[in-house]
Amino acid sequence: MQSENALRLFEVGDLVQYTSYYDDPVAPWKMIGDLGIVISVRFIDDKYQVVKVRWLTDNSQMDMAPECLIRLKDTNLDK
């Protein structure tokens, strides 16, 4: 049996945004939320990634599932 590993999606220092979605075949929707910075990443049983985020809105910290986050890419504003 092949062992499965967690995807290495996030790294410490990544700028992330909370996003929730409802995957309905007729009327799916996606909601964008607060911005935060990844302050730690840990793995459970080498299968599940848990991302600790410090939220910029209220300076709180929370463990999050990676499915609830999107990483914001660097943008070069000089282009």
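**Exercise 1. Is Asp63 buried, partly exposed or exposed, and what is its relative accessible area?**

Before solving this, note that the model is predicted, that local features need pLDDT of at least 70 and side-chain atom pairs pLDDT 80 or more, while totals for chains, interfaces and linings use all residues. Residues are numbered from 1 along each chain as its sequence is written, and side-chain values use heavy atoms, with hydrogens and water left out.

Step 1. Recall the classes: buried means under 20% relative accessible area, exposed means over 50%, and partly exposed lies in between, with a 1.4 Å probe and protein chains only.

Step 2. Asp63 has a relative accessible area of 38%, so Asp63 is partly exposed.

**Exercise 2. Find the salt bridge partner of Asp63, and state where the two residues lie.**

Step 1. Apply the criterion, which asks for a side-chain nitrogen of Lys or Arg within 4 Å of a carboxyl oxygen of Asp or Glu.

Step 2. The partner is Arg42, at 3.0 Å from N to O, and Arg42 is partly exposed at a relative accessible area of 42%.

Step 3. Asp63 belongs to strand E4 and Arg42 to strand E2, so the salt bridge ties together parts that are 21 residues apart in sequence. Strands here are DSSP runs of at least two residues, numbered from the N terminus.

**Exercise 3. Describe the second of the two salt bridges that a search of the whole structure finds.**

Step 1. Arg71 and Asp14 form this salt bridge, and their closest N and O atoms are 3.1 Å apart.

Step 2. Arg71 sits in strand E5 and Asp14 in the segment before E1, which places these distant parts of the chain 57 residues apart.

Step 3. Compare the accessibilities: Arg71, at 38%, is partly exposed, whereas Asp14, at 13%, is buried.

**Exercise 4. Work out the order of the strands in the sheet.**

Step 1. The protein has zero helices, which would be H or I runs of at least four residues, and five strands.

Step 2. These five strands form an open sheet in the order E4-E3-E2-E1-E5, with antiparallel pairing, where two strands pair if DSSP finds at least two bridges between them.

Step 3. The edge strands, each pairing on one side only, are E4 (61-64) and E5 (69-71).

Step 4. Strand E1 (residues 15-22) pairs with E5 over three bridges, and Val16 stands opposite Arg71 in E5.
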